[in-house]
There are 2 protein chains.
Amino acid sequence: MTRFGTLFGIGVGPGDPDLITLKAVKTLQTVDVVFAAASTKNEASLALSIAAPHLRHDAQVVRLDFPMTRDQAVLDAAWRANADTVAAILAQGKSAAFLTLGDPLTYSTFGYLLRTLNGLLAEIPVAVVPGITSYQAAAAHTGRVLVESGESLAVVSGVAPEAELEAVLGAAQAAVILKAYKNMPTIRRVLDRLGLTQSATFVTRLGHEGEAVFASLDEVPEKPSYFSLILVRRG
Amino acid sequence: MTRFGTLFGIGVGPGDPDLITLKAVKTLQTVDVVFAAASTKNEASLALSIAAPHLRHDAQVVRLDFPMTRDQAVLDAAWRANADTVAAILAQGKSAAFLTLGDPLTYSTFGYLLRTLNGLLAEIPVAVVPGITSYQAAAAHTGRVLVESGESLAVVSGVAPEAELEAVLGAAQAAVILKAYKNMPTIRRVLDRLGLTQSATFVTRLGHEGEAVFASLDEVPEKPSYFSLILVRRG
């Protein structure tokens, strides 16, 4: 019977190399193989550059590419190929870390990997090390409270349908809108209808060149960077 | 003019001493004073025990007590006294770390402190170091995805009013219900009405004695521990 190595889902945090946990560092120091997956090369490179100082000198680094597409069949095929790559290495008894920016269970591709490995998961030991999310880093950077006792916090994707955005933002006292870039006109409309425009702070490219914080949505460019989010809290 | 020292809001993570960030460790190594505040002595002690190995040997530790009450006037008075203590130390030019379990801007008392210091905040340099939350640790422990691409995540307090719980949980695809203890009958009712009972995982006392995970709410005791939460994700 095959004795699989452990698969670690490791959150390396939002980008600042010091926002990684001691547990992630200690785990990275032990693994045989490191997987970096991302739809963009930049994200994989950033995750790897955060992990690199903590890796064993003989650790093997493997990139898992997946195409930037909404075609589910193409994505599924890419993930099956990636899962086969991961499974083949674990089947050699090697331990492996799958890196994700932020947290491995919050809008991460680690969930896809687990699902694709599904048939083997009963045999593969899996452990997850959580990571600081982009929105926690944005709140820390701006000194804004995300959510306080008695309130509720909604975390939504800016690319969600307008009706869903409105329902979720309308029900909670505080919110984070991730991926606030291509749908900015929709997001503005929803915040406006809910009377939340004055309660919103826009944060873009935190920790990267072009980093900016806008206290007013009026100042936000029509086509912001992909790495943009909005923090909302009712006054 | 008084030159205030920097006030650091430090998230020490959910309880596992290794789930603290390198940034928190490096910051704790520099500060003159450490403040630990909590409504229960246990929480303050836990935060301090996580921070202790990283402190300077001559660091001063100050406990900020606040009463376990819902009486806003009593709480306000306690916070004014605590803010005065903090301000007096910072006014000596000393740097200080205010510890919180989890994240300083997510259901933390750090927000109260900032609000109470409000009149002085223009002069006091403040920096926040984010921390891993209890619900990220619970997701990691159970290997459950919190939220995936295209979905929304609601983070709510189990002590919220029933109508609010239902509105927030009804609008999002995934949810975390914190403080799932004294209101369990209400929470069960709401999850039941929304058809989410089978999608819920109950996690209690993670990392402490009595730690348990229940895949079915039927097995959950009627009066669980204060340190309990529920992870929900629509199948």
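**Notebook: how chains A and B meet**

I began with the surface that the two copies share, and I noted that 100% of the interface residues of chain B are also interface residues in chain A, so the copies meet through the same surface. I keep in mind throughout that this is a predicted model.

*Confidence.* I looked up the scores before reading any detail, and found that chain A averages a pLDDT of 92, with 98% of its residues scoring at least 70. For the complex, the predictor gives an ipTM of 0.95 and a pTM of 0.95.

*Symmetry.* I then asked which rotation superposes chain B on chain A. The answer is a rotation of 180° with 0.0 Å of shift along its axis, at an RMSD of 0.0 Å. The two copies are thus related as by a two-fold rotation axis.

*The interface.* I listed the residues in the contact and found 43 from chain B and 43 from chain A. On the side of chain B that touches chain A, the elements that give two or more residues are helix 1 (22-28), strand 5 (126-129), helix 5 (134-142), strand 6 (153-157) and helix 6 (162-171) of chain B. Strand 6 of chain B gives the most to this side, with five residues. Sorted by class, the side of chain B that touches chain A has 26 nonpolar, nine polar and eight charged residues.

*Strand 6 against strand 6.* Since strand 6 of chain B had come up as the element that gives the most, I followed it across to the other chain. I recorded that strand 6 of chain A and strand 6 of chain B pair in the antiparallel sense over three bridges. A154(A) stands opposite A154(B), while L153(A) stands opposite V155(B).

*The sheet.* Next I traced the strands outward from this pair, and found an open sheet of 10 strands with mixed pairing, in the order 9(A)-8(A)-10(A)-7(A)-6(A)-6(B)-7(B)-10(B)-8(B)-9(B). Which strands stand at the edges? They are strand 9 (212-214) of chain A and strand 9 (212-214) of chain B, each with a single partner strand, so one side of each is left without a neighbour in the sheet. Neighbouring strands of this sheet are turned by 15° against each other on average, direction ignored. I also noted that helix 6 of chain B lies across strand 6, strand 7 (174-178) and strand 10 (228-233) of chain B, and that this helix runs at about 165° to strand 6 of chain B.

*Within one chain.* Last, I turned to the domains of chain A, which is divided into domain 1 (7-129) and domain 2 (134-233). Their centres, taken over C-alpha atoms, are separated by 28 Å. The contact between them takes six residues from domain 1 and five residues from domain 2. The side of domain 1 that touches domain 2 has three nonpolar, two polar and one charged residues.

Key. Residues are numbered from 1 along each chain as its sequence is written. Chains are lettered from A and ligands numbered from 1 in the order in which they are written. This is a predicted model: local features need pLDDT of at least 70, side-chain atom pairs count only at pLDDT 80 or more; totals for chains, interfaces and linings use all residues. Copies are superposed by least squares on the C-alpha atoms of residues with pLDDT of at least 70 in both. Two residues are in contact if their C-beta atoms, placed from the backbone, lie within 7 Å. Domain bounds come from an automatic or database domain assignment. Ala, Val, Leu, Ile, Met, Phe, Trp, Tyr, Cys and Pro count as nonpolar, Asp, Glu, Lys and Arg as charged, and the others, Gly among them, as polar. pLDDT is the predictor's confidence in each residue, from 0 to 100. Helices (H or I, at least four residues) and strands (E, at least two) are DSSP runs, numbered from the N terminus. Two strands pair if DSSP finds at least two bridges between them. Axes are lines fitted to C-alpha atoms, for helices over the stretch in contact, and angles run from 0 to 180 degrees between N-to-C directions.
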